[in-house]
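Work through these exercises with the model open. Try each task before reading its solution.

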Amino acid sequence: MKAVPADLLTKLQKRGQHIRNICILAHVDHGKTTLADNLVASNGIISHKMAGKLRYMDDSEEEQLRGITMKSSAISLCFADDNEHYLINLIDSPGHIDFASEVSTAVRLCDAAIIVVDAVEGISPQTHAVLRQAWIENLQPVLFFNKMDRLITELQLTSKECYLHLQQLLEQVNAIMAQLISSDILKKSARRTQKDVEEGKGEAVEDIYDWDSGLHADENDDSHLYFSPVMGNVVFGSAIDGWGFGIKDFAKIYSQKLGLNKKVLAKTLWGDYYFSNKNKKVLIGAQNAGKKPLFVQMVLDNIWKMYEAATQTPRDLAQLEKVTAALSIKVSRRDLQSSDSKHVVKAIMSQWLPVSKATLATVVAQTPSPLEVSEHRVEALMCDHSVNFDSLHERTKALKASFTRCSSDEKEPVLVYVSKMLAVCKDTLPGEQHSVLTSDDLEQRKELARQRHRERLLQKELSSACETANTDSQTFQPTNPKEAKCGSDEKPEEADNYKFIAFARIFSGTIRKGQKLYVLGPKHNPSEAIEQGMEQRLAEGESLTLETLTADLHITQVTVKDLYIFMGRELVDVDEVPAGNILGIGGLEEHILKSATLSNDIACPPFSGMASEAEPIVKVAIEPRHAGDMVKLVQGMKLLNQADSCVQIHIQPTGEHVLVAAGEVHLQRCIDDLRKRYCGVAINVSEPIVPFRETIVESPKLDMVNEAIEGENRFVKESRQDLEKVISVTRGNMTISLEAVPLPSSISTLLDSHESLLQALDHHLCQSIGGRTTKYDRQISLNEESLLKLISLREQLEKLLSAIEGWDWLASRIWSFGPRKYGPNILMNGVRDYHRPSIWDIVNAGEESPCLRDFDSSIVNGFQLATLMGPMCDEPMRGVAIIIRSWDFDIQPELTQLVKETKEETGSDTETDSILSGSSSMVSGSRRSTRMASIHSGQIISGVKEAIRKAFQAQPQRLMWAMYSCDIHASANVLGKVYGVIGKRNGKVISEEMQEGTQIFNIKATLPVAESFGFCDEIRKRTSGLASPQLIFSHWEVLDLDPYWQPCTEEEMAHYGEKYDTENRAKVYMNQIRKRKGLKTEENIVAHAEKQRTLGKKK
């Protein structure tokens, strides 16, 4: 097939109804890139024979070597159906969990997704993740069951067994969709109930829930939300063999052959239907009648026969030629005689049932165009959950109509979202590519080479002549200045060979070269910019360049230099791109770090952030091998931070440059990119820095030898458990007493799952208590969904806290969360006479500022600092509740007199309490300043921090380590080796399930992150590649060993000895962290030393 010309693609870009923006999502090794190769081959870009082998969308060397996709890449394809041409903007995304952020960047730009599922391995963890991402982003999914050839050749299932297997897989996928749909229905119902309660209509609550009420008014039938071959959103096939089909494909074939109604066949080919040869009708009840279902009889049986004819030995060429003639396809005799049966199958099946046609036809029929974007998705893009859409500026809300129209008209505002910055080699850019050399060019190059050769010979002759004559002469300089640099040790700047292209989609208007647009940062406030008269200032000639950028202004202006269409490994230069298309924009590398919003309207809000399934957790410290290369390393790390949407770059207080990656594979790719692409210098990489957490636990009741700990059984009376648990600290005339108490793991997990919600809550509290006070900030309010989530979080949290003995009255007195005000630690107000409103009460207080004591924020800040760096090894705390038991002031004599006089005048203690809290109007400014003159906020912060650390040390201390959830697919004969590797690395096997009809086991285990490095490689080596693990961060787990433990009881002394020489794994980890951070360690440098002996000399 001839390649599609670029002119046709640019014409199709202007027909919004004929555009489809789709991405391919799946678990790793389920066949995404192979399917993409087949779709690319349909446009003549690569050969059909190379589809599945070339991996065209994986253009980097490391992707080809590892055989996995590591970054999202796009290509524009043309598809003709019923004399209509469609533009398919296809994005191939990674399946490995380490590169989940790349999936997020792809999903944000698309309207639909092809979910690829391996028919043998079935539903995998990443399948759950991509289905959830597609649902959150409101994408229309299409299901593709891949690798059906393995059911025939490897598992050797019969056609009926295959049908039952596919039915089970489809039910499992629909079960995941049912969970997503039901959760969405419950959210909508809760939102509607809350609204009715606010309007006074929801006093009575029904006991029976009407599920249909949670759906849209015109969508009470939710069948379209599930996958069904009858509905046409399911495709079956084998991408490696190049064939695929939908139900409608065979309905069309048999409607012509049997004379049946095409629509009837399309509805009955999947299900409990069979064809009666006697009546020539399709009847229901195939299972009861003992008949083959139509799908088996008319579809699978024919495919099975084709495979048997192509793979049998000896091969019957006459039968194959007869079959190809009956199917009206042309296959050369050379292909039919091939010794490779896979080649024969592909040659026949790819012409009979081409997978590209079946897939793209399904995409065109089942997925929406950019003109059909839903209002719900538009609102989700324009504001995140922390902002209510109704609170936006009127001009900002008016842009919603432009989003939904998706028009490229001149009057429409330009709205562009950049999901990531893509590093592209300059040689691949249009105009920079090397042209084909003509004969004249070759002659010129030969002549230039001869001239350089003559100059080198002349230099040698002159040098030898100077040495013979013993005369001083100047060093000969070559005529070509480039030769002078060839002998130097300087390496070329590798980073200069790359240019950043913005990976974007235009939602409204038309973007052109030379057009001036605003780059809107994530903190841009449209209302604030409008109120400040930014448009008028720009009209008067004020510039918005990077040089004039200020801390309170998150907007710059840029001129569009280059526009591109993505064509896989190539880029096509264009002058303009209309709405609804995916494009590349050049010249934005100085304005955009990772993602941004572009618009010509200053009222446009920044798009909401993208959620990723994997968070960076693995750290390494990087330094150049030669100190002189530090500048290049810093510049290279900046480029890497811009090119990778998931990586994080930090500079520690010690001066270390730290790189944080999502996993081992992601880390290795980042290091290779630094060395080969962005730095070009030799670097040293430290051992992986694994994060830990510090926590406290309840006092143990059993010792290390499982004996009950009793007073008379204790050999050493004094231990850390005998320390005072309530710690008091005095600063000036203020005394604070507090206690550290362990929290149940369920509370920490609950707070972790609502981290983003707590961040929005903190932003709201900062405004309520007295942070930023602009008009825009007062208008910002949590949207309905966020308020409902906060109410639900409060109820769950209070229920869990009330279950703890003696905490009933503390459950509603939460002061703050930490660290960073959204962590899994809680600061509680246990002061009986301080009626401070909790964080939940401040949310509901409206615009009224709460009444707080002086230095209230200082206690919170001390709590934040203490929980950020624990006393064990300066790691963050987790699962700790700090209860402020008392907060007393030493009242000075003049205040004592004022209190006495006030009490005599008023006759009540109300005004007295207000005087003590500093909120009474009767206390003059001079007296109040005198009262607080002896103390400063910094003293309170440091005192609270010190007290929390001492209270933490008064409890049994433990380290917590990060745990991976490990999913392994392994055959039965290597299970023992897999368990051996897991046990060696302190992992735990959670479950083991055998896939029905196969010899493959699905193993679920947990593995410490600290022990996971090299785990995947070791598994593959020990099992000869028959097991493939997938690691994803799961949770934090307590390392149940006291790093400070020493034998205390008589039984422990007898069992372990007085010195306890056995290695304490928790102490080893703690000392490693302390050494890396430069902290003191309790280690003996010399153990069991002997006196030095001096040997006498013989005289």
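**Ground rules and first count**

The whole structure holds 42 salt bridges, each a side-chain nitrogen of Lys or Arg within 4 Å of a carboxyl oxygen of Asp or Glu. The model is predicted: local features need pLDDT of at least 70, side-chain atom pairs count only at pLDDT 80 or more, and totals for chains, interfaces and linings use all residues. Residues are numbered from 1 along each chain as its sequence is written, and side-chain values use heavy atoms, with hydrogens and water left out.

**Exercise 1.** Place the salt bridge between Lys342 and Asp241, and classify the burial of each partner.

*Solution.*
- Step 1: Check the distance. N to O is 3.2 Å.
- Step 2: Locate the partners. Lys342 is in helix H14, while Asp241 is in the loop between E6 and strand E7 (243–245). They are 101 residues apart, so the pair links distant parts of the chain. Helices (H or I, at least four residues) and strands (E, at least two) are DSSP runs, numbered from the N terminus.
- Step 3: Classify. Buried means under 20% relative accessible area, exposed over 50%, partly exposed in between (1.4 Å probe, protein chains only). Lys342 has 35% relative accessibility, so Lys342 is partly exposed. Asp241 has 1%, so Asp241 is buried.

**Exercise 2.** Find the salt-bridge partners of Asp673 in helix H23.

*Solution.*
- Step 1: Arg669 meets Asp673 at 3.7 Å, N to O. Both lie in helix H23 (residues 664–678), 4 residues apart, about one turn of the helix.
- Step 2: Arg677 also bridges Asp673, with the closest N and O atoms 4.0 Å apart. This pair too is in H23, with a spacing of 4 residues.
- Step 3: Arg669 has a relative accessible area of 10%, so Arg669 is buried. Asp673 is buried as well, at 10%.

**Exercise 3.** Classify the aromatic pair of Phe236 and Phe295.

*Solution.*
- Step 1: Apply the rule. Rings of Phe, Tyr and Trp (its six-membered ring) pair if their centres lie within 6.5 Å; planes under 30 degrees apart are stacked, over 60 edge-to-face, the rest tilted. The count comes to 23 aromatic pairs.
- Step 2: Phe236 and Phe295 are 5.3 Å centre to centre, with 55 degrees between the planes. The pair is tilted.
- Step 3: Phe236 is in strand E6 (residues 234–238) and Phe295 in helix H11 (residues 294–311), 59 residues apart. Both are buried.

**Exercise 4.** Do likewise for Phe250 and Trp352.

*Solution.*
- Step 1: The ring centres are 6.0 Å apart and the planes at 85 degrees, so the pair is edge-to-face.
- Step 2: Phe250 is in helix H8 (residues 247–258), Trp352 in helix H14 (residues 341–352).
- Step 3: Both Phe250 and Trp352 are buried.
- Step 4: Ring pairs link residues into a cluster, among them Phe236, Phe250, Phe295 and Trp352.
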